[in-house]
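Visitor: I would like to go through this model by question and answer, starting with how the parts touch and then turning to the strands and helices.

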Amino acid sequence: MTDTYVGKADEANAMETLGVIGKGTPRIDGLDKLTGAAEYVDDMDFGPALLHAAVVESPYGYARIKGIDASKAEALPGVVKVVTGKDFPYTFGMYMKDRYVFAQDVVRFAGEQVAAVIARDARTAKKAASLVEVDYEVMEPLLDPMKALADDAVLIHPDLEDYEHVPWFFPKAGTNIAHWRKTRRGDLEAGFAEADVILEDEYTVPRYAHCAIEPHVVVARLDKAHRLTLWTASQSPYTQRDVFAQALAPLGLSHKDIRVVTPYVGGGFGGKAGVSMEIIGAALATVVPGRPVKVRWTREQEFTNTYQRQGVRARIRLGAKKDGTITALEHDLYWDAGAYVEYGANVVNAAGLSATGPYRVPAVKIDSLCVYTNLPPGGPYRGFGYSEFHFGLESHITRMAQELGMDPVEFRKKNAIVEGDTLAYGEAMNPSGLIEAIDKTAAAIDWGVEETSDDPTKAIGKGLCLFWKAPAMPPNASSASFLKFNEDGSMNITVSGMELGQGYLTVMAQVASEILAVPPEKIRVETPDTDRNPYEWQTVASHVTWSCGNAVAAAALEAREKIYKVVHDARGYEEGSLYLEDEKVKCDTDPDFELPLAEFVVGGIMMPDGTYRGGPIVASGKFMPEFTSALSDPETSQGGHPNVHYTVGAAGVVIEVDRDTGKIHVKKAALAADVGRAINPVLIEGQITGGLLQGLATVLYEDMRFDAQGRLLNPTFTDYKIPTSKDVPDQIIPIIIETPQPDGPFGARGVGEHTMIAAAPVIGDAVADALGVRLKEMPITAERVALAVAGMDD
Amino acid sequence: MTIAHDFAYLRPATVPDALAMLADHRGAMVLAGGTDVVPWLRDDAITPETVVDIKDIAGFDAIDVADGVLRIGPLVTFSDLIASPVAAEHVPALVEASHTVASVGVRNRATVVGNICSAVPSCDAGPPLLVYEAAVEVAGPGGERSIPVLEWFLGPRTQALAEGELVTGITIPLPGAHGGCYAKLSRYRGEDLAQVGVAVLALPGNDYRVAFGAVGPVPFRAPAIEERLAGGGPGDADPAALDALVDEAISPIDDVRASKEYRTHMSRVMLRRSLAAAAARLDGGGPPYGEQVI
């Protein structure tokens, strides 16, 4: 039994010729998705017994519920049940139990679920929901985190001190601060005293929505045997099961009673991590036992009641010497975390540990504050806090270079973090190809070569910024896999990571394929069902290629050991002399020996006397990063090892911007990421393209606007713009850097989120380069650019 | 998509049948492409007791020219207009505007007539129809009448159609030789509602027609600007004076799509560029139709 793959990475790395690792293996889910065969939750047929639920939402950001009259809704033919907060007086949450299944006496954001109607069809449910009368006493909402921090601010969660939370959160009772991550290293005052230039400024980043094509949906059924099954569009089947089990424990449900099935998912980007609206489905199923009930979000609900990327106000003070050495950094991050922070507080935490960016900074003071507001719950979004703080930090780094009279790329190279440098929380930096990434990105955009537009109304500008990110995970976040051979030598592998479009299933097949010499097309990797597939924490944090890849590699290595043992037992060859090639076992010492896997991996090997040796080859593997710890000094963050590794890189753009209209056209975008090992370079190029586009959208078009009641003003694609195929840069140049990660499968580390992190600051830099105006608030829309150029901005 | 409330769905085959249904069912909503009506129904923004679908009425999908007049039927979609050689020949600025409406999928359903019946201030068909001096042909209980587009738009989402009336087409007197331009301010290159729309027609003899959309309660012509431009080339007018006339003509609002300041700024920029493009197109040059000037 292979316990863990840690320490075995070298063994995998040492394989001399790699067959499928590093190749652009076609996606194993590709044909199903192209033909429409891939099934999503909303496609599943639950038959005529299926019930539909519609949710009654708060129209106010902050209000007291004085009464709910559901009698008119209940009287409507076809209505099965109306439930309110009285039926489910429970809280839930992933890192902190501060979110309510249904609002109790208070609503804390516009869109919060107050009641739900279960009906025989969706139309009746919608109609009945509009007949539920809720009597509200409207209160003044707190929409600005800076106002929520005031001494006399109303407490959005007066019971904050009673909420259960993970040990690495530090809520401040009697305030709206749900968590305060403090990181301190070195002598800050000495660092600033040593600096020749000190630059201080503020940057603002608004809220954003994930905009996955598939809205959230859950179908839940509590059967007569008290078994709760949920079909969800989720990144996190096991974490969902855990959260459901904890929230519904008062109803007598425990982990073994709950089953979560997650078929293909139409995009996640963090929005389908953890549990948001799915808790409603889980709760409703318990009041209509025996019948499945479906809750399917509209696009508007998708915007208002799942998770949103949190807004942040950043204050940065940076010191550097004339020679370009950074001496000190003070970075304050005030997060607009929303009404519930059960997941979002960990975004705040992650940023608070890493807000130095990928730089060597001897003296650091970071304060990252998670502040409750009466806006929708903040939560995970691709980048997990890093996109947000990089906008200010990278803008500031460029401005500091300019203050020093240095080339911004040279300034970055001088201070770029390298392997062995000390991180802000005291640990050593992992292997990194950051300098190579900078050089290759600079070359790709002809950094240093001035370009002018043929059109006199337009100017050309360039920007180059760095990024880094580590997975933000509990220290014991782990992955597992089961592997079994079939009679024909094909394989079924089960894991519980999610195929979100990133190509995860293909990569898992490639890992097993490489070790077991079975081609990927003979491997099926299935989407999760918690009854069948083994544990996976969640598909977030860009960690599944690394973590679950290690688990699959461990299972494959275990299977290989078993294969060799059978051959040894039956044929007598030394196990150390055997190897796998072309779906056969071969032997170093006997070139004539070869035994196809299909001949024995289930039925075993027949002996001269007609008896058999072996039997079905089945294996399991797991991975847990046993070197991490979230325990550290709450005043300094020193003493722990919260992050497993950082993935680093650089991005650069060449833009053409119209001085009159402010419209920005991205002519070229290059992005280099150090992925350790590109298991599938085609998929990584896809990540780079998609991530850049998503990041460019956040800086060029998107932002969430709220009215004075905290109601979202643009909850549709009419007024919340994500890029179309017409908005793609003229040229995207993906650059793959490979500095192996010693504990990764074949040296791989994560890359999914990283590709969007630098997009916002590079646009800010390129606009400044082209037009001489520095915009310090996202998004950098055509409107903001034009008004700044015309001197009409405020 | 769930529509919660009940309504009767009627599908007449002739104009008289349609008029009879509209007479029998006060407050009925006429349905053509449905790209506005169906989302409104879903959102309960309208709750008609009857929906009258005119898609079966023969001839309503025609674009034709007769007696010096171009006629656009009520079922003509923006995609139909884009594909029409007749439209390209006679009303290229309207075709240019059609290219900017929403997305291909929506343009395949959305009708030009429906666009001006919905009458939102940002409607893309409004400014070009104003500069082409189109008329809206209407049939109703009192017979037929022709409403000049100049008198059509009464306010945001309000037009001159009376209870029981049905639009039977849009007519445009053939403008003869001209250069046209429709410029649309949108937040990105994908589908968007205009934050500013500017239509310009340059006619021989330095005669200009100018209309704006999305910077007032209705799309409107700008006679003071036209007067200032008359007789000279587009470059002859003092830019500051032209800007001042733009500021007087428009009454933009601040909303989630754009600020008043940006709408003002862009109205000036877009007028300048549209005038230049229209004048150049009149002379056989300028950017090809469909290429946005901003």
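The questions below concern a predicted model and move from contacts to single elements and sheets.

Visitor: How many residues does chain B bring to its contact with chain A, and how many of them are nonpolar?

Guide: The contact draws 24 residues from chain A and 17 residues from chain B. On the chain B side, 4 residues are polar and 4 are charged. The nonpolar residues on that side number 9.

Visitor: Which helix supplies the largest share of the side of domain 1 of chain B that touches domain 2 of chain B?

Guide: The domain assignment divides chain B into domain 1 (8–53), domain 2 (63–173) and domain 3 (179–282). Domain 1 of chain B gives 12 residues to the contact and domain 2 of chain B gives 17 residues. The domain 1 side consists of 7 nonpolar, 3 polar and 2 charged residues. Its largest share, 5 residues, comes from residues 15–24 of chain B, helix α1.

Visitor: How far apart are the C-alpha centres of domain 1 and domain 2 of chain B?

Guide: The two domains span 8–53 and 63–173 of chain B in the assignment. Between their C-alpha centres the separation is 19 Å.

Visitor: Why is helix α7 of chain A described as largely enclosed, and what do its buried residues pack against?

Guide: Helix α7 of chain A covers residues 237–247, and 8 of its 11 residues are buried, so the rest of the structure largely encloses it. The buried set is A:P237, A:Y238, A:T239, A:Q240, A:R241, A:V243, A:F244 and A:A247. These residues pack against four elements of chain A, namely β4 (91–92), β12 (228–232), β13 (258–261) and α8 (278–285).

Visitor: Which residue of β10 in chain B stands opposite B:A139?

Guide: Strand β10 of chain B, residues 166–173, has 6 of its 8 residues buried. It pairs antiparallel with β5 (residues 69–72) of chain B over 4 bridges, where B:I72 faces B:I170. With β6 (residues 135–140) of chain B, β10 of chain B forms 5 bridges, also in the antiparallel sense. Opposite B:A139 stands B:L166.

Visitor: Which residues of β1 in chain A are buried on the side that holds A:H52?

Guide: In a regular strand, side chains alternate between the two faces of the sheet. Strand β1 of chain A, residues 51–57, has 7 of its 7 residues buried. One side carries A:L51, A:A53, A:V55 and A:E57. The other side carries A:H52, A:A54 and A:V56.

Visitor: Which residue in β7 of chain A is the bridge partner of A:V55?

Guide: Strand β1 of chain A runs parallel to β14 (residues 293–296) of chain A, with 2 bridges between them, and A:H52 there stands opposite A:K294. Its pairing with β7 (residues 113–119) of chain A is antiparallel and has 6 bridges. In that second pairing, the partner of A:V55 is A:A116.

Visitor: Which strands of the sheet β21-β20-β19-β27 of chain A stand at the edges?

Guide: This is an open sheet of 4 strands with mixed pairing, and its neighbouring strands are turned by 20° against each other on average, direction ignored. An edge strand has a single partner, so one of its sides lacks a neighbour in the sheet; the edges are β21 (523–526) and β27 (618–623) of chain A.

Visitor: What angle does helix α15 of chain A make with β27 of chain A?

Guide: Strands β20 (residues 491–494) and β21 of chain A pair parallel over 4 bridges, with A:N492 opposite A:R524. Helix α14 (residues 504–516) of chain A lies across β19 (479–485), β20 and β21 of chain A, at about 135° to β21 of chain A. Helix α15 (residues 544–571) of chain A also packs on the sheet, touching β19, β20 and β27 of chain A. The direction of helix α15 of chain A and that of β27 of chain A make about 145°.

Visitor: Which residue in β3 of chain B is the bridge partner of B:Y9?

Guide: An open sheet of 3 strands in chain B has the order β1-β3-β2 and parallel pairing. Its edge strands are β1 (8–10) and β2 (29–31) of chain B, and the twist averages 25° from one strand to the next. Strand β1 of chain B is joined to β3 (residues 50–53) of chain B by 3 bridges. The partner of B:Y9 in β3 of chain B is B:V51.

Methods:
Residues are numbered from 1 along each chain as its sequence is written. Chains are lettered from A and ligands numbered from 1 in the order in which they are written. This is a predicted model: local features need pLDDT of at least 70, side-chain atom pairs count only at pLDDT 80 or more; totals for chains, interfaces and linings use all residues. Two residues are in contact if their C-beta atoms, placed from the backbone, lie within 7 Å. Ala, Val, Leu, Ile, Met, Phe, Trp, Tyr, Cys and Pro count as nonpolar, Asp, Glu, Lys and Arg as charged, and the others, Gly among them, as polar. Domain bounds come from an automatic or database domain assignment. A residue is buried if 20 or more other C-beta atoms lie within 10 Å of its own, exposed if 12 or fewer, and partly exposed in between; C-beta atoms are placed from the backbone. Two strands pair if DSSP finds at least two bridges between them. Axes are lines fitted to C-alpha atoms, for helices over the stretch in contact, and angles run from 0 to 180 degrees between N-to-C directions.
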